[in-house]
Amino acid sequence: GGQFTVNNEAVATTSSASAFSIPRMTSQYRLTGDFDYQVDYRIGAGWSDPLPPNSGLEIQMAVYWDDSRYIQIGRGRDNGGEYIKPATTIAGQTGINSIRIDNSQTQGKFRAVRTGTALTLKYHNGTAWIDLATATVPAEAAYAYLGTISGNASRAFTAYFDNFLLNSGPNSYHPFTRSTSFRRRPDFYVGGVVCDYMAFMNWG
């Protein structure tokens, strides 16, 4: 559930009809070498309303190779307060998932910089860029994505993205498609364990 619309900026709105709603917009170009990109965000309606227990909201920018390999920076809110934090599913790098910085900015900037296999996530504190976390990542071509998540909240909230800038880095047009290994088989329906790893990783 949820959607992206465009009105001089990209507008992500989660759905109140679903406990979990994850609107996401992915680039149609891949970043093929070292890169540096950034985006502005601001928080809109629905963010500050009371949250039910064990729920959370987050605005995200990520570098994405596949579902098992991505790294993201998120501005979030849960029952423990408001924060900025990194997260990754990359094997051997998940130690950064324990980083959490208190933050109550209603607007800000995210940035990702890759040099070789080192990727640094940054946020702007209103005065300067702050390095949040650095991880070892694949040197392979990657997509950029922007999105929001309403986890276990059944909450409609709006976030705005603007001024996406590729400060440096080669890129190549390559339309995004999900890997076939993550697509549902049309001939198999019975038996399965369904979970949402993103929600588990962020909110347990």
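In the predicted model, Tyr-70 is buried, at 6% relative accessibility. Its partner Tyr-64 is likewise classed as buried, with a relative accessible area of 4%. Both values fall under the 20% cut-off, and therefore both residues count as buried. The rings of Tyr-64 and Tyr-70 form a stacked aromatic pair. Their centres lie 6.5 Å apart, and the planes meet at 15 degrees. An angle under 30 degrees counts as stacked. The structure holds 10 aromatic pairs. Tyr-64 and Tyr-70 also belong to one aromatic cluster, together with Tyr-143, Tyr-145 and Phe-176. Tyr-145 carries a charge over its ring: Arg-24 lies over the face, at 4.4 Å from the ring centre. A similar arrangement involves Arg-111, which lies over the face of Trp-129 at 5.2 Å from the ring centre.

In soluble globular proteins, nonpolar side chains tend to be buried together. The largest nonpolar core of the model has 36 residues. Those with the most contacts inside this core are Tyr-37, Ile-59, Met-61, Val-63, Ile-71, Ile-73 and Phe-161. A second, separate core has 8 residues. Among them are Ala-62, Tyr-64, Tyr-143 and Phe-176. Tyr-64, Tyr-143 and Phe-176 thus appear both in this second core and in the aromatic cluster. Ile-71 touches Met-61 and Val-63, and also Ala-62. Further contacts of Ile-71 include Trp-65, Ala-87, Thr-88, Ile-96, Leu-119, Leu-121, Ala-135 and Val-137.

A polar side chain is found under cover elsewhere. Thr-14 sits in the loop between β2 (10-13) and β3 (24-26). Thr-14 counts as buried because its relative accessibility is 3%, under the 20% limit. Its side chain reaches the backbone oxygen of Arg-155 at 2.6 Å. A polar atom of the same side chain lies 3.0 Å from the backbone nitrogen of Phe-157. Thr-14 also touches Ala-156, in addition to Arg-155 and Phe-157. Other residues touched by Thr-14 include Thr-148, Ile-149 and Ser-150, as well as Gly-2, Ser-21 and Pro-23.

At the level of the whole chain, the secondary structure comes to 1 helix and 15 strands. Of the 204 residues, 47% count as buried. Among contacts between residues at least 6 apart in sequence, 66% join residues at least 24 apart. The accessible surface of the chain comes to about 10,100 Å². Carbon and sulfur atoms account for 51% of that surface.

Methods
Residues are numbered from 1 along each chain as its sequence is written. This is a predicted model: local features need pLDDT of at least 70, side-chain atom pairs count only at pLDDT 80 or more; totals for chains, interfaces and linings use all residues. Side-chain values use heavy atoms; hydrogens and water are left out. Helices (H or I, at least four residues) and strands (E, at least two) are DSSP runs, numbered from the N terminus. Buried means under 20% relative accessible area, exposed over 50%, partly exposed in between (1.4 Å probe, protein chains only). A polar contact is a pair of N or O atoms within 3.5 Å; within protein, one must be able to donate a hydrogen and the other to accept it, and residues adjacent in sequence count only if both atoms are side-chain atoms. Contact means heavy atoms within 4.5 Å. Accessible areas come from the Shrake-Rupley method with a 1.4 Å probe; for residues, only the protein chains shown count as cover. A nonpolar core is a set of buried Ala, Val, Leu, Ile, Met, Phe, Trp, Tyr and Cys residues joined through side-chain atoms within 4.5 Å. Rings of Phe, Tyr and Trp (its six-membered ring) pair if their centres lie within 6.5 Å; planes under 30 degrees apart count as stacked, over 60 as edge-to-face and the rest as tilted. A charge sits over a ring if NZ of Lys or CZ of Arg is within 6 Å of the ring centre and within 35 degrees of the ring normal. Lists of a residue's contacts leave out its neighbours within four places in sequence.
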